[in-house]
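Trainee: I have a chain to go through. Can we take the labels one by one and check each against its cut-off?

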Amino acid sequence: QVQLVESGGGLVQSGGSLRLSCAASGRISSITHMGWYRQIPGQARESVARVSLGGQLDYATPVVGRFTISRDFAKNTVDLRMNDLKPEDTAVYYCYADTEYRLLSRTYWGQGTQVTVSS
């Protein structure tokens, strides 16, 4: 089992910045990839950014150049720095962790944190 606790988020004006943080606990040695998804009400959850076990960074096209993901392997945390926020970034943001343990793969999710960008 892996537990993920998110912090950050909130209300910001268009063009502003926010930082989301996610801390993992539990069977952290099983974690491979960590990252963030977001979900707008009525829409499917979409990937935002990811850090692989090897440190490779991947971003969704809409956030390239504006969002920065970072992972602290020692502290088992993953942060998402969001700059130049736009109203279309408004969503619930979820931290996730992919795990592999005894040949089984599983994804764990945080509780979600609301990000609202006003125009």
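**Surface, size and burial**

Mentor: Start with the surface. The protein chain has an accessible surface of about 6400 Å², and carbon and sulfur atoms hold 49% of that. Keep in mind that this is a predicted model.

Trainee: What makes the radius of gyration of the protein chain agree with a compact globule?

Mentor: Set the value against the rule. For 119 residues the rule gives a radius near 14 Å, and the protein chain has 14 Å, so the two agree. Along the principal axes, the C-alpha trace spans about 50 × 25 × 25 Å.

Trainee: What share of the residues in the protein chain is buried?

Mentor: Buried residues are 41% of the 119. The cut-off is under 20% relative accessible area.

Trainee: How much of the contacts with a separation of 6 or more comes from residues 24 or more positions apart?

Mentor: Such pairs account for 54% of those contacts.

Trainee: And how far apart are the mean positions of the positive and negative charges?

Mentor: They are 5 Å apart, taken over 12 positive and 10 negative charges.

**Strands and pairing**

Trainee: Which elements does the protein chain have?

Mentor: It has 11 strands and 0 helices. Read from the N terminus, every entry in β-β-β-β-β-β-β-β-β-β-β is a strand.

Trainee: How do you know that β3 and β8 pair?

Mentor: Count bridges. Pairing needs at least two. Strand β3, residues 18-26, and strand β8, residues 77-82, have 6 bridges, so they pair, and the sense is antiparallel. One bridge sets A23 against T77 of β8.

Trainee: What makes β7 a partner of β8?

Mentor: The count again. Strand β7, residues 67-72, shares 6 antiparallel bridges with β8. There, S70 has D79 as its bridge partner. β7 and β8 form a hairpin, with 4 residues between them.

Trainee: In which sense do β2 and β11 run?

Mentor: Parallel. Strand β2, residues 10-13, is joined to β11 by 4 bridges. Q13 stands opposite S118 of β11.

Trainee: How many bridges pair β9 with β11, and in which sense?

Mentor: There are 3, in the antiparallel sense. With a minimum of two, 3 bridges are enough, so the pair qualifies. A91 stands opposite V115 in β11.

Trainee: Why are the side chains of β11 said to alternate?

Mentor: Look along residues 113-118. T113, V115 and V117 point to one face and are buried. Q114, T116 and S118 point to the other face and are not buried.

**Buried, exposed or in between**

Trainee: Why is S52 called buried?

Mentor: Its relative accessibility is 8%, and the limit is under 20%, so S52 counts as buried. S52 sits in the loop between β5 (46-51) and β6 (57-59). Leaving out residues up to four places away in sequence, S52 touches T32, H33, R71 and F73.

Trainee: What makes S25 partly exposed?

Mentor: S25 has 35% relative accessible area, which lies between the 20% and 50% limits, so it is partly exposed. S25 lies in strand β3. Beyond residues up to four places away in sequence, S25 touches Q1, V2 and Q3. S25 and T107 are 82 residues apart in sequence, and their C-alpha atoms are 14 Å apart.

Trainee: Why is S119 called exposed?

Mentor: S119 is at 87%, and exposed means over 50%, so the label holds. S119 lies in the segment after β11. It touches S14 and P87, not counting residues up to four places away in sequence. From S119 to I28 the C-alpha distance is 39 Å, with 91 residues of sequence separation.

**Two positive phi angles**

Trainee: What is notable about the phi of N76?

Mentor: N76 is not a glycine, yet its phi is positive, about 60°. Most residues other than glycine have a negative phi. N76 is in the loop between β7 and β8. At 18% relative accessibility, under the 20% limit, N76 is therefore buried.

Trainee: What is the phi of L103, and where is L103 found?

Mentor: L103 has a positive phi of about 70°, and it is not a glycine either. L103 lies in the loop between β9 (91-101) and β10 (104-109).

Trainee: Buried or exposed, for L103?

Mentor: Exposed. The relative accessible area of L103 is 88%, and the cut-off is over 50%, so the label follows.

Methods
Residues numbered from 1 in each chain as written. Predicted model: local features only at pLDDT ≥ 70, side-chain atom pairs only at ≥ 80, totals over all residues. Heavy atoms only, no water. Rg over C-alpha atoms; globule rule 2.2 N^0.38 Å. Buried < 20%, exposed > 50% of the residue type's maximum accessible area, 1.4 Å probe, protein only. Contact = heavy atoms within 4.5 Å. Areas by Shrake-Rupley, 256 points an atom, 1.4 Å probe, with all protein chains shown as cover. Lys, Arg positive; Asp, Glu negative; His and termini not counted. Charge placed at Lys NZ, Arg CZ, Asp CG, Glu CD.
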